[in-house]
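Here are some exercises to help you find your way around a new structure. Try each one yourself before you read its solution.

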Amino acid sequence: MNHITELAPGEVFVFGSNAGGLHGGGAARTAYEKFGAVWGQANGLQGQSYGIDTMSGLKTLGAEVASFLDFARGHPQLTFLVTEIGCGIAGYRPEQIAPFFTDVPANVQLPASFVR
């Protein structure tokens, strides 16, 4: 998946956030500037974006991904475009994050680096 600059109706930009929801850099900034992310809201659906806390450790990140996948399963009418969450400012490698995305519903599109 290339750099996402626009979304079609029904598409949701999935980005990594920090616990404070301070969307100052990386994909979080894009989510805030273009796709309706809410300043001060770290996770969940926000406009045409969905935040996942990637800055509070891998255990928290894994729990956040599990919650996101449950949300995606409950909203099959939406298509979720997952960015390389955790692999920018948070400093993780794709091979550390990809295992959290093992049981992915059909409406979730992952970056190539997360697909095994």
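**Exercise 1.** In this predicted model, find what joins the side chains of Asp70 and Arg73, and where the two residues lie.

*Solution.* Start with the side chains: Asp70 and Arg73 meet in a salt bridge, 3.0 Å from N to O. Next, look at the backbone: both residues belong to helix H2 and sit three residues apart, about one turn of the helix. Finally, check the surroundings. Asp70 is exposed because its relative accessible area is 52%, and exposed means over 50%. Arg73, at 37%, counts as partly exposed.

**Exercise 2.** Work out which residues are linked with Asp103 in a network of salt bridges.

*Solution.* Begin at Asp103, which forms a salt bridge with Arg73, with 3.5 Å between the closest N and O atoms. This pair connects distant parts of the chain, 30 residues apart: Asp103 is in the loop between helix H3 (94–97) and S5, while Arg73 is in helix H2. Now add the pair from the exercise above: Arg73 also meets Asp70. Together, Asp70, Arg73 and Asp103 are linked in a network of salt bridges.

**Exercise 3.** Describe the salt bridge between Glu33 and Arg29, and say how open to the surface each residue is.

*Solution.* The two side chains meet at 2.8 Å, N to O. Both residues lie in helix H1, four residues apart, about one turn of the helix. Glu33 has a relative accessible area of 51%, so it is exposed. Arg29 has 40%, so it counts as partly exposed.

**Exercise 4.** Trace the order of the strands in the sheet, then place the helices H1 and H2 against it.

*Solution.* Five strands make an open sheet with mixed pairing, in the order S2-S3-S1-S4-S5. The edges are S2 and S5 (108–109), each of which pairs on one side only. Further in, S1 pairs with S4 (residues 79–82) in the parallel sense over four bridges, and Val12 stands opposite Phe80 in S4. Helix H1 packs on the sheet, touching S1 and S3 (49–53), and its direction makes about 135° with that of S1. Helix H2 (residues 58–73) also packs on the sheet, touching S1, S2, S3, S4 and S5; its direction makes about 155° with that of S3.

**Exercise 5.** Is Phe15 buried or exposed, and what does this residue touch?

*Solution.* First locate Phe15 in strand S1 (residues 11–17). Its relative accessibility is 0%, so Phe15 counts as buried. Among the residues in contact with Phe15 are Ala27, Ala31, Tyr50, Ile52 and Ile85.

How values were computed. Residues are numbered from 1 along each chain as its sequence is written. This is a predicted model: local features need pLDDT of at least 70, side-chain atom pairs count only at pLDDT 80 or more; totals for chains, interfaces and linings use all residues. Side-chain values use heavy atoms; hydrogens and water are left out. Buried means under 20% relative accessible area, exposed over 50%, partly exposed in between (1.4 Å probe, protein chains only). Contact means heavy atoms within 4.5 Å. Two strands pair if DSSP finds at least two bridges between them. Axes are lines fitted to C-alpha atoms, for helices over the stretch in contact, and angles run from 0 to 180 degrees between N-to-C directions. A salt bridge is a side-chain nitrogen of Lys or Arg within 4 Å of a carboxyl oxygen of Asp or Glu. Lists of a residue's contacts leave out its neighbours within four places in sequence.
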